[in-house]
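Visitor: I am new to this structure and would like a close look at a single part, the nonpolar core. Please set it in its surroundings as you go.

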Amino acid sequence: MRKLFIVVLIIAGTISTAEIIRDSLFFFSPNSTDSSLKIILVEPGHFTKTAEMLFKEGLIKDPRRFVLISKLLRLSSSVKVGEYEVRMDMSPFQMLRVLTSGKSVLHAVHIPEGYNIDQIADDLAEKKLVVREEFVKLSRDPHMAHLLGISEKTLEGYLYPETYSFTHFTGDRVILKTMVDKFKEVYNREIKFGADKQNMSLHDVVTLASIVEKETGAPEERPVISSVFHNRLRLGMKLQSDPTVIYGKVGDKKNITRKDLVTSTPYNTYTLKGLPTGPICNPGKEALLAAIEPVESKYLYFVSMNNGNHVFSKTYVEHQKAVLKYQVDPRARQGKSWRDRLKKKANGSSEFKQ
């Protein structure tokens, strides 16, 4: 009986040793000789779900053994939701180290100066970083704006244009906070002092900067454009900025009509005096600086030369001559485009400037 017991122990030990060897070989040996990269998505849920995903992707051979060993090593609970880049020739242990690192794949997204909330939402949704409708709704939620320290009804104007890196799990709120925080950083560091000297509120600066941003595709024109609006504001003249009309109109925003110019909205600077109710896009640093640092000029008018640049005038008579030359005469438009000057900037001037 004693001999039988010893035999059983030896067999059990042999089996245990063999099992340990098999587990070790499984856990620390590459599953493939293929060194190609693969992007995997670890979603919320039980660790077993993750193991099954790795098996289906051809990254591990035995999901059950993978789960068992990961739990014995107390690593399964450390796996973090995210998007990860792995190699096909990684061992299960190396794979697990990646999944517990929390270092998700980052997706770069560039937000150009002058984009509005809808355009930002389009770009983020295209990269599958947000659900477009939900992002737009949250961006225009006054409660969300106040949570982020913006005392306005919308975050328009305060989503700083920059190149950001987000994961698929970053979420709308964190994305918005990141953009607003960047705006505050730039504003407090480079804009606030000048705004105080001009006796302009934060909202006035951002609103004027957004108009300047949309009015010209030529960076060097921004301070001159700004001077026109400062001069008009000082004299009590209407700003008469086409981009404000376009932003406030319902429906087709590509074309502007005479009816649009006389239709009253909170953004139509042809029908209201002073600045519109709020920003019409999200301006960059140069436009913000131009809003508080206009050049000294007596210009009250400007009209597009159809190539991204403008003609500036001090009197209405001079302005009308420029309108006739560059807007009324079809030859002035033929073969020209503001894209020749700066492809990604919109030109907001028209023959209706007064």
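Guide: What follows begins with the whole chain, turns to the core, and ends with the salt bridges and a loop residue.

This is a predicted model, in which local features need pLDDT of at least 70 and side-chain atom pairs count only at pLDDT 80 or more, while totals for chains, interfaces and linings use all residues. Residues are numbered from 1 along each chain as its sequence is written, and side-chain values use heavy atoms, with hydrogens and water left out.

The protein has 15 helices and six strands, where helices (H or I, at least four residues) and strands (E, at least two) are DSSP runs numbered from the N terminus. Of its 354 residues, 47% count as buried; buried means under 20% relative accessible area, exposed means over 50%, and partly exposed lies in between, for a 1.4 Å probe and protein chains only. Among contacts (heavy atoms within 4.5 Å) with a separation of 6 or more, 65% are between residues 24 or more positions apart.

Now to the core itself. A nonpolar core is a set of buried Ala, Val, Leu, Ile, Met, Phe, Trp, Tyr and Cys residues joined through side-chain atoms within 4.5 Å. The largest one here has 53 residues, and Leu124 and Val205 are those with the most contacts inside it. Two or more residues are given to this core by each of H5, H6, helix H7 (142-147), strand E4 (163-166), H8, helix H9 (202-215), helix H10 (222-235) and helix H13 (285-292). Of these elements, H8 supplies the largest share, nine residues. Leaving aside residues up to four places away in sequence, Leu124 touches Val109, Leu129, Val130, Phe135, Phe166, Ile175 and Met179. Another core, of 22 residues, lies apart from the largest one, and includes Phe26, Phe27, Val79 and Leu99.

Several of the elements that feed the core also carry salt bridges, each being a side-chain nitrogen of Lys or Arg within 4 Å of a carboxyl oxygen of Asp or Glu. The structure holds 15 of them. In one, the side chains of Arg132 and Asp118 meet at 3.2 Å, N to O; this pair links distant parts of the chain, 14 residues apart, with Arg132 in helix H6 (residues 132-139) and Asp118 in helix H5 (residues 117-126). Arg132 counts as partly exposed because its relative accessibility is 25%, and Asp118 is likewise partly exposed, with a relative accessible area of 25%.

In helix H8 (residues 172-197), Lys192 and Asp196 are four residues apart and therefore separated by about one helical turn. These two form a salt bridge whose closest N and O atoms are 3.1 Å apart. Lys192 is partly exposed, at 38% relative accessible area, and Asp196 is partly exposed as well, at 48%. Salt bridges that share partners also join Lys182, Glu185, Arg189, Glu190 and Lys285 into one network. A further salt bridge brings together the side chains of Glu213 and Arg222, at 3.2 Å from N to O, and both Glu213 and Arg222 are buried.

Beyond H10, the loop between H10 and helix H11 (242-248) holds Ser241, which counts as buried because its relative accessibility is 0%. Ser241 and Asn268 are 27 residues apart in sequence, and their C-alpha atoms are 7.9 Å apart in space.
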